[in-house]
Amino acid sequence: MLAPLTTEQVPTYNVTFEPRCRNNWHIHHAQKGGGQMLICVYGRGWVQLEGEPAHELKGGEVFNIPPNVKHWHGAAKDSWFQHLSLEVPGEGTSNEWLEPVTDEVYDKLP
């Protein structure tokens, strides 16, 4: 569930995933600045940058996603996951949604 908190200054959303739910691979494009910040507020989840191992997120942790990097995030298999998503301001920003994260990739996570 995606719940906008504000779209002014620093757009911020409260995002809730049920167990095993994850978003598609995507990229936050920017010519200058930009990117995304995730602040985990509840449960346990994952974020993965393309070409890197998945990183586990737990309550209180912050993860910064650089602009122009393909990534995904979502809940662990056995936990609800809630995070705040902040769109880092920048110039020439846009979001590109890509292919789903396959079960083959996701099921390798602990």
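# A briefing on His-28, the nonpolar cores and the salt bridges

Leaving aside its neighbours within four places in sequence, His-28 touches Gly-35, Gln-36, Pro-67, Asn-68, His-71, Ser-94 and Asn-95. These contacts belong to a predicted model, and the values below were computed from it. The points that follow begin with His-28 and a second histidine, His-73, then turn to the nonpolar cores, a surface patch and the salt bridges.

**Two buried histidines**

- His-28 sits in strand S3, which covers residues 26-29, and because its relative accessible area is 7%, under the 20% limit, the residue counts as buried.
- Two of the residues in contact with His-28 also meet its side chain through polar contacts: the side chain of Gln-36 does so at 2.9 Å, and the side chain of Asn-95 does so at 2.7 Å.
- His-73 belongs to strand S8 and is likewise buried, with a relative accessibility of 3%.
- The side chain of Gln-36, already named as a partner of His-28, also has a polar contact of 3.3 Å with the side chain of His-73.
- A further polar contact, of 3.1 Å, is made between the side chains of His-73 and His-83.
- When neighbours within four places in sequence are left aside, the residues in contact with His-73 include Phe-17, Arg-22, Asn-23, His-26, Leu-38, Trp-46, Val-47 and Ile-65.

**The nonpolar cores**

- The largest nonpolar core has 12 residues, and these are Tyr-13, Val-15, Phe-17, Leu-38, Cys-40, Val-47, Leu-49, Leu-57, Phe-63, Ile-65, Ala-75 and Phe-81.
- At least two residues of this core come from each of three strands, namely S2 (12-17), S5 (36-49) and S7 (62-65), and S5 gives the largest share, with 4 residues.
- Another core, of 7 residues, lies apart from the largest one, and among its members are Trp-25, Trp-46, Trp-72 and Val-101.
- Phe-17, a member of the largest core, is in contact with Arg-22, Asn-23, His-73, Gly-74, Ala-75, Trp-80, Phe-81 and His-83, once its neighbours within four places in sequence are left aside.
- Leu-49, which is also part of the largest core, lies in strand S5 and counts as buried at 10% relative accessibility.
- In sequence Leu-49 and Ile-65 are 16 residues apart, while in space their C-alpha atoms are 7.9 Å apart.
- With neighbours within four places in sequence left aside, Leu-49 is in contact with Trp-25, Phe-63, Ile-65, Pro-66, Val-69, Lys-70 and His-71.

**A nonpolar patch on the surface**

- Val-41, Tyr-42 and Trp-80 make a nonpolar surface patch of about 340 Å².
- Trp-80, one of these three residues, is placed in the loop between strand S8 (71-75) and strand S9 (81-87), and its relative accessibility of 46% makes it partly exposed.

**Salt bridges between separate parts of the chain**

- The model holds 6 salt bridges, and one of them joins the side chains of Arg-22 and Asp-103, with 2.6 Å from N to O.
- This pair links distant parts of the chain, 81 residues apart, since Arg-22 is in the loop between S2 and S3 and Asp-103 is in helix H1 (residues 103-106).
- Within the pair, Arg-22 is buried, with a relative accessible area of 18%, whereas Asp-103 is partly exposed at 44%.
- Asp-78 and Arg-44 also form a salt bridge, in which the closest N and O atoms are 2.6 Å apart.
- Because Asp-78 lies in the loop between S8 and S9 while Arg-44 lies in strand S5, their salt bridge ties together parts that are 34 residues apart in sequence.
- Asp-78 counts as exposed at 59% relative accessibility, but Arg-44 is buried, with a relative accessible area of 18%.
- Lys-70 and Glu-50 meet through their side chains in a salt bridge of 3.6 Å, N to O, and this pair connects the loop between S7 and S8, where Lys-70 is found, with the loop between S5 and strand S6 (55-58), where Glu-50 is found, across 20 residues.
- Lys-70 is buried at 17% relative accessibility, while Glu-50 is partly exposed at 48%.
- Arg-44, Glu-56 and Asp-78 are joined into one network by salt bridges that share partners.

Conventions: Residues numbered from 1 in each chain as written. Predicted model: local features only at pLDDT ≥ 70, side-chain atom pairs only at ≥ 80, totals over all residues. Heavy atoms only, no water. Core = buried A, V, L, I, M, F, W, Y, C linked by side-chain atoms within 4.5 Å. Buried < 20%, exposed > 50% of the residue type's maximum accessible area, 1.4 Å probe, protein only. Contact = heavy atoms within 4.5 Å. Patch = residues over 30% accessible without salt bridge, like charges linked within 9 Å, V, L, I, M, F, W, Y side chains within 5 Å. Areas by Shrake-Rupley, 256 points an atom, 1.4 Å probe, with all protein chains shown as cover. Salt bridge = Lys/Arg side-chain N within 4 Å of Asp/Glu carboxyl O. Polar contact = N/O pair within 3.5 Å; in protein donor to acceptor, adjacent residues only side chain to side chain.
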